[in-house]
Structures are given as C-alpha cells and as structure tokens.
Amino acid sequence: MQDSRAFEVIEGNLDLGFILLGDHATNHLPAKYGTLGLAPEAFTRHIAYDIGIEPLTRALAARLGAPAVMSCFSRLLIDPNRGEDDPTLIMKISDGAIVPGNYPISPEEWDARLHHYHRPYHGAVTGMIAAVENATGRAPLIMSLHSFTPFWKTYVRPWHAGVLWDNDPRAAQALIHALAALPGIVTGDNEPYDGALRGDTMYRHCMKKGIPHALLEVRQDLIADEPGVAEWAEHLAPIFERLNADPALHRYEVYPSRTGPYED
C-alpha cells in the first residue's frame, strides 16, 4: 500500500484502436496516508479495489497487444470512477466500514487528492485516447474492466459477469450477446449496477464524445486467483478481438445520457 503513482500505462499497439481501462485496479495507498485508520484487512476487500482486475487487465493487454491505463491508488483514497462533484468521490463509510482518514476531511485535503490522484489518472486516459485517435484516425473502442462481489448483504448475485452502459448500445449489446453465447455464463444487462452514472469514467471520456465503449463487471470469486484470471482472459480476448474488428465500433456517435443533458 505504498505506491504513490496515480496511474500506470501498459504500452500496446495503438493501431489496434482498442483501449483497456482499470479504474479500481489496485488497493495501494501513499505512505503518508497509512491505512486511513482502517484495519489492514480492509484492503483485501472490495471496498478498497476491484479484486482480480489488475491481473486480468495485464493478461488481456498481453494477449491482445493492446494498451491499458490503470489507477495506482485505492478507491478509498478517492474514487476515479466518480465525477469531481459526486458526493461519493471520497467515501466516509463504505459497505459498513467507517473510514476515519476520510472524515473529517478539509477542503485542502479534498483538493489535494483531486490534484495528485484523480486528475492525473483521467489525464492519462485522455492522453491514451488521443494517442489512439491520432494513430488510427477513428474512434477507439474502450473496455473498462471492473469486478463485483458474489453477494450483496444477503442477496446471492446470479451473474458471472455484467455489462453496464448508459444509452449508447453499440459495444454494450454486442458484448452482452457474445458473453451470453459462452456455455454456462449468466450475463447481466446493467446488472448488478446501472451504467448511467453522471461524471463517471465512461460518461466523461466516452458518452460525451461519442466513443464506443462498455463497462464489464466480472464476479470477483471467478478472477480471485491465477487460474480464474487465465480462464476469463481466454473467454474475453477473442470476444474483444471480434468486437474491435467491427467498423461500426470505431465511429463517433453521441447518444443522449439517461442522466440528463450534457454540460459544456
């Protein structure tokens, strides 16, 4: 939990026109924050990061030869998948865990976390998108990778994976259909969460600009170890390759967001 970088870029072939993102890839905290007053065990939980996403992103980037951008800080420090004005940007309580290091928090500390972590990560995403656009002359296809817990409170979640999207159906529906064709895989359509979230990564970098995209959630117990990661990389790599080969998924088309009108 001592890494102070805001992001990591995995280099890849820009000419592919394909980008992987990992908003919640790690549970790292800069040394000066200690454990934010939490027990160290809290950083093994989903409240700190998306379990399995860092190795899955690395495996897929290697198989596909594609570039990726991952955050290098825990979502407990500041959540890169939230807009700057989102009240859940810095969580005071997460799934029942009180975060002493986040409450009270001064305006200066709030701004410092935006300046040193949130904004640099999004700057790296913006830079990667621009690099791919310049290399290909067309819109990239962006896949954002996340993971979810097998249960929520007493509810057992039946899905192996879920595809989240707002109002641009292009990549999301194609991904849902491809996952549904895998034997024994139950796929959620905007489950276990709704993909329409104003200011989040997909809204900020894709929806507002008309870039084809989807947010894929994989159930955490399925990618919690090396064999699970390898199995899901095997599932996903050919699907991503097929989707990326579709010219329709490299066109700029702006769709209205279900969250309301875009602001300049």
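**View A. Helix H5 against the sheet of the predicted model.** Helix H5, residues 226-244, lies across four strands: S2, S6 (141-148), S9 (161-164) and S11 (213-219). Relative to S6, helix H5 runs at about 155°. This is a predicted model.

**View B. The open sheet and its two edges.** The sheet is built from 7 strands and is open. Reading across, the order is S1-S3-S2-S6-S11-S9-S10. Pairing is mixed. Strand S1 (7-10) sits at one edge and strand S10 (187-189) at the other. Each edge strand pairs on one side only. From one strand to the next, the twist averages 20°.

**View C. Strand S3 and its partner S1.** S1 and S3 run antiparallel to each other and pair over 4 bridges. Within this pairing, isoleucine 10 stands opposite alanine 68 of S3. To reach S3 from S2, the chain passes through helix H1, residues 53-64. This β-α-β crossover is right-handed.

**View D. Strand S3 and its partner S2.** Here the sense is parallel: S2 (residues 18-22) and S3 (residues 68-71) pair over 3 bridges. One contact point to look for is glycine 22, whose bridge partner in S3 is methionine 70.

**View E. Side chains along S3.** In a regular strand, side chains alternate between the two faces of the sheet. S3 can be read residue by residue. Ala68 and Met70 point one way. Val69 and Ser71 point the other way. All four of these residues are buried.

**View F. Cysteine 72 and cysteine 206.** A disulfide is a covalent bond between the sulfur atoms of two cysteines. How many disulfides does the model hold? The count comes to 0. The closest cysteine sulfur to that of cysteine 72 belongs to cysteine 206, and because the two are 20 Å apart, they are too far from each other for a bond. The cut-off is a sulfur pair within 2.5 Å. Seen from the other end, cysteine 206 is in no disulfide either, and its nearest cysteine sulfur is that of cysteine 72, 20 Å away. Are these two cysteines buried or exposed? Cysteine 72 is buried, with a relative accessible area of 2%. Cysteine 206 is also buried, at a relative accessible area of 0%.

Technical notes
Residues numbered from 1 in each chain as written. Predicted model: local features only at pLDDT ≥ 70, side-chain atom pairs only at ≥ 80, totals over all residues. Heavy atoms only, no water. Pairing = 2+ DSSP bridges. Axes fitted to C-alpha atoms, helices over the stretch in contact; angles between N-to-C directions. Contact = heavy atoms within 4.5 Å. Buried < 20%, exposed > 50% of the residue type's maximum accessible area, 1.4 Å probe, protein only. Right-handed = clockwise from strand over helix to strand, strands pointing away.
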